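Biologist: Please give me a close look at one part of this model, namely how its side chains pack and pair, and take me through it residue by residue.

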Amino acid sequence: VQLQASGGGLVQAGGSLRLSCAASGTIFSISAMYWYRQAPGKQRDLVADITSGGTTTYATTLKGRFTISRDTAKNTVYLQMNNLRPEDTAVYYCKADLTQYSKDRYRSYWGQGTLVTVSS
């Protein structure tokens with residue numbers, strides 16, 4: 001299983017970016033999908049998550065600017081980020097809880113991270 005994150009880059013404050021993360025390989029079922037971020041010198045924090053049924057949860061400080069969504073058929077999760085601020089600068093990581101076979105237990109898989117840099 002691989003999770004490939006993309007969409008990061010350099011953007012000015014107030015701008016927008018859309019991150020994507022596609023899971024590939026032998027996958028039977030994906031339950032929740034997540035976005036985390038890690039700023040330089042800081043711990044990795046949860047940004048948002050979305051369940052298989054579409055229920056979403058956000059970090060309190062980000063709700064209203066960031067929107068998580070998923071395309072179940074494509075095993076892909078998205079993060080739309082609007083009105084970006086310099087403090088949003090971080091490496092953004094995706095994660096998926098999934099099973100590879102019908103009787104497997106769920107395991108967490110991480111993507112490689114994509115860098116988002118917001119200039120002031």
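Modeller: A residue is called buried when its relative accessible area is under 20%, exposed when it is over 50%, and partly exposed in between, using a 1.4 Å probe and protein chains only. This is a predicted model, in which local features need pLDDT of at least 70 and side-chain atom pairs pLDDT 80 or more, whereas totals for chains, interfaces and linings use all residues. Residues are numbered from 1 along each chain as its sequence is written, and side-chain values use heavy atoms, without hydrogens or water.

I begin with Leu-46, which belongs to strand β5 (strands are DSSP runs of E, at least two residues, numbered from the N terminus). With a relative accessibility of 36%, Leu-46 counts as partly exposed. Tyr-36 is ten residues away from Leu-46 in sequence, yet the two C-alpha atoms are 4.3 Å apart in space. If residues up to four places away in sequence are set aside, Leu-46 touches Tyr-34, Trp-35, Tyr-36 and Ala-59, a contact being heavy atoms within 4.5 Å.

One of those partners, Trp-35, leads into the largest nonpolar core, which has 28 residues and in which Trp-35, Leu-79, Met-81 and Tyr-92 touch the most other members. Such a core is a set of buried Ala, Val, Leu, Ile, Met, Phe, Trp, Tyr and Cys residues joined through side-chain atoms within 4.5 Å. At least two residues of this core come from each of β1 (2-6), β3 (17-24), β4, β5, β7 (66-71), β8 (76-81), β9 (90-99) and β11 (114-119). The strand that gives the most is β9, with five residues.

Tyr-92 deserves a full list of its partners. Neighbours within four places in sequence aside, Tyr-92 is in contact with Leu-19, Trp-35, Tyr-36, Arg-37, Val-47, Phe-66, Leu-79, Met-81, Gly-113, Thr-114 and Val-116. Trp-35 and Tyr-36 thus appear among the partners of Tyr-92 as well as among those of Leu-46, while Leu-79 and Met-81, which Tyr-92 also contacts, are named with Tyr-92 and Trp-35 as the core members that touch the most others.

Arg-37, another partner of Tyr-92, brings us to the charged pairs. The count of salt bridges comes to three, where a salt bridge is a side-chain nitrogen of Lys or Arg within 4 Å of a carboxyl oxygen of Asp or Glu. In one of them Asp-88 pairs with Arg-37, and their closest N and O atoms are 2.9 Å apart. Because Asp-88 sits in the loop between β8 and β9 and Arg-37 in strand β4, this pair ties together parts that are 51 residues apart in sequence.

Asp-88 also forms a salt bridge with Arg-65, with 2.8 Å between the closest N and O atoms. Arg-65 lies in the loop between β6 (56-58) and β7, and Asp-88 in the loop between β8 and β9, so the pair joins parts that are 23 residues apart in sequence. Arg-37, Arg-65 and Asp-88 are thereby linked in a network of salt bridges. Asp-88 counts as buried, at 0% relative accessibility; Arg-65 is buried at 9%, and Arg-37 is buried at 17%.

The remaining salt bridge joins Asp-104 and Arg-107, whose closest N and O atoms are 3.3 Å apart. Here Asp-104 counts as partly exposed, at 26% relative accessibility, and Arg-107 is partly exposed too, with a relative accessible area of 34%.

Terms used:
Helix = DSSP H or I, 4+ residues; strand = E, 2+ residues; numbered from the N terminus.
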